[in-house]
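Open the structure in your viewer and keep the selection panel at hand. The stops below say what to select and what is there.

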Amino acid sequence: MNRMVVLGTGSALPAKVLSNADLEKMVDTSDEWITTRTGIKNRRIAVQGEETSKLATLAAGRALEMAKLSPDEIDMIIVGTITPDMGMPSCACLVQKELGATRAFALDINAACSGFVFCLDVADKYIKADPDMKILVVGAETLSSRVNWEDRNTCVLFGDGAGACLVTGTTEHRGMLASKLFSDGSLYKLLYMDNVPSMNKNLASQDNDGSYIKMAGRDVFKYAVRSMDMAIMNVLDQVQVSVDDIALFIPHQANIRILKSLGERLGIASEKVYINLDKYGNTSAASIPIALDEANREGRINAGDLVLLCAFGGGFTWGATLFRW
Ligand code: UT7
């Protein structure tokens with residue numbers, strides 16, 4: 001049986017750091033509130049020249065380097081994003097151009113913070129049909145361009161960045177073992193953004209056309225915990241493994257309290273949960289691939305390990321993915 005394996009990972013983050021102390025000067029908040037309610041300390045903010053496609057291209061280049069592949073060997077590029085540079089073309093087409101991945105076809109997937117696990121699921125279907133394909137899967141966002149910097153309920157939460165992985169097929173007994181995706185559009189008003197951004201125009205000017213991200217945080221929190229629990233149980237059941245068999249859990253990085261609640265419900269030991277939200281905040285579709293790349297480069301993932309990914313986001317969308325590394 002052919003399975004999808006990861007040949008390389010990469011990530012890219014803007015240089016500019018926005019700390020809780022910086023936010024204290026912008027809105028009525030405190031380092032103490034942000035730290036205890038979210039776990040976030042810093043986030044990265046993109047400036048002109050660090051548009052979503054640029055960050056995505058940097059992350060993709062690093063994944064290619066690790067995979068020892070050249071851009072013209074890529075067959076397909078999938079980018080999970082809700083902050084493409086423009087309404088058209090897709091972010092993936094701009095990445096294709098920037099990389100010079102001339103053979104690849106390219107498309108975006110909008111599944112908000114679940115974007116990366118949705119992209120992996122789609123890539124897996126292509127790999128099953130043609131195991132020789134080399135697919136670049138990216139999660140990239142510049143949500144700072146869609147945040148209302150006067151709304152303390154949301155502006156302390158989000159950050160910018162990109163993560164990528166290069167996947168292909170194998171007949172070895174490893175790779176992606178299970179995946180399950182869910183959506184519930186009936187609840188979209190709890191977390192939404194009304195307009196498609198254009199050229200991430202406020203990256204330089206902090207000017208925004210009014211299309212801010214809007215969230216009923218407390219409701220989203222409850223659905224996030226319940227839904228990710230359900231998705232995780234589904235993929236574990238598919239392959240008949242237990243939580244104790246998981247070597248590393250890489251969840252979407254939205255809030256430390258969500259991850260603690262989830263860990264307690266499922267009985268996941270805290271040392272098995274990869275957390276970097278203190279450094280980057282919630283980077284939406286980029287959060288899981290950035291964390292995956294950091295965990296990979298830190299040597300936190302060994303051959304044969306079971307690695308569980310899980311996300312929840314606007315739509316609502318949610319899902320989980322299980323790999324044997
Ligand atoms: O990535 C997609 C999924 N997104 C998520 O998973 C996010 C889910 N939600 C959350 O992470 C949390 O709900 C938040 C971090 C957004 C909010 O935490 P909370 O514990 O649910 O707080 P709350 O919204 O219930 O607000 C509690 C209080 C309110 O004051 P009152 O009404 O009790 O007087 C807020 O006005 O905290 C106030 N507050 C703040 N205070 C200081 C809200 N934001 C801030 C702030 N600084 N930045």
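Begin with the ligand and select the residues around it: there are 23, and T29, R37, R218, N255 and N282 come nearest. Keep in mind while looking that this is a predicted model.

Now show atoms as sticks and look at individual pairs. From T29, a polar side-chain atom lies 2.6 Å from a nitrogen atom of the ligand. Next select R152, where the partner is in the backbone: a polar backbone atom of R152 is 2.9 Å from a nitrogen atom of the ligand. Then select R257, which has an N or O atom in its side chain 2.8 Å from an oxygen atom of the ligand.

**The two domains**

Zoom out and colour the protein chain by domain. The domain assignment gives domain 1 as residues 3-173 and domain 2 as residues 176-324. If you place a marker at the C-alpha centre of each, the markers for domain 1 and domain 2 will be 13 Å apart. Selecting the residues in contact gives 64 from domain 1 and 56 from domain 2.

How much area do domain 1 and domain 2 bury between them? The value is about 5000 Å², with 60% of it on carbon and sulfur atoms. To see where domain 1 loses the most area to domain 2, select C113, V117 and R146; together these residues make up 16% of what that side buries.

Turn next to the polar pairs across the boundary. Between domain 1 and domain 2 the count of salt bridges is zero. Residue pairs in polar contact between domain 1 and domain 2, with both residues at pLDDT 80 or more, number 22.

Stay on the side of domain 1 that touches domain 2 and switch to a cartoon view. Elements that each supply at least two residues to that side include the strands β1 (3-12), β3 (42-45), β6 (135-142) and β7 (160-170), and the helices α2 (31-38), α3 (52-67) and α5 (115-129). Which element gives the most to this side of domain 1? Select α5, which contributes seven residues. Coloured by class, the side of domain 1 that touches domain 2 shows 25 nonpolar, 25 polar and 14 charged residues.

**Backbone stops**

Three loops remain to be visited. Select A112, in the loop between β5 (105-109) and α5. A112 is not a glycine, yet its phi is positive, at about 50°.

Move to P89, in the loop between β4 (76-80) and α4 (91-99). The peptide bond from M88 to P89 is cis, and its omega is near 5°.

Finish at F316, which sits in the loop between β12 (306-313) and β13 (317-324). Here the bond to inspect is the one from G315 to F316: this peptide bond is cis as well, with omega near -15°.

Methods:
Residues are numbered from 1 along each chain as its sequence is written. This is a predicted model: local features need pLDDT of at least 70, side-chain atom pairs count only at pLDDT 80 or more; totals for chains, interfaces and linings use all residues. Side-chain values use heavy atoms; hydrogens and water are left out. Domain bounds come from an automatic or database domain assignment. Contact means heavy atoms within 4.5 Å. Buried area is the accessible area (1.4 Å probe) that two parts lose on being put together, summed over both. A salt bridge is a side-chain nitrogen of Lys or Arg within 4 Å of a carboxyl oxygen of Asp or Glu. A polar contact is a pair of N or O atoms within 3.5 Å; within protein, one must be able to donate a hydrogen and the other to accept it, and residues adjacent in sequence count only if both atoms are side-chain atoms. Helices (H or I, at least four residues) and strands (E, at least two) are DSSP runs, numbered from the N terminus. Ala, Val, Leu, Ile, Met, Phe, Trp, Tyr, Cys and Pro count as nonpolar, Asp, Glu, Lys and Arg as charged, and the others, Gly among them, as polar. A residue is near a molecule or strand if one of its heavy atoms lies within 4 Å of it.
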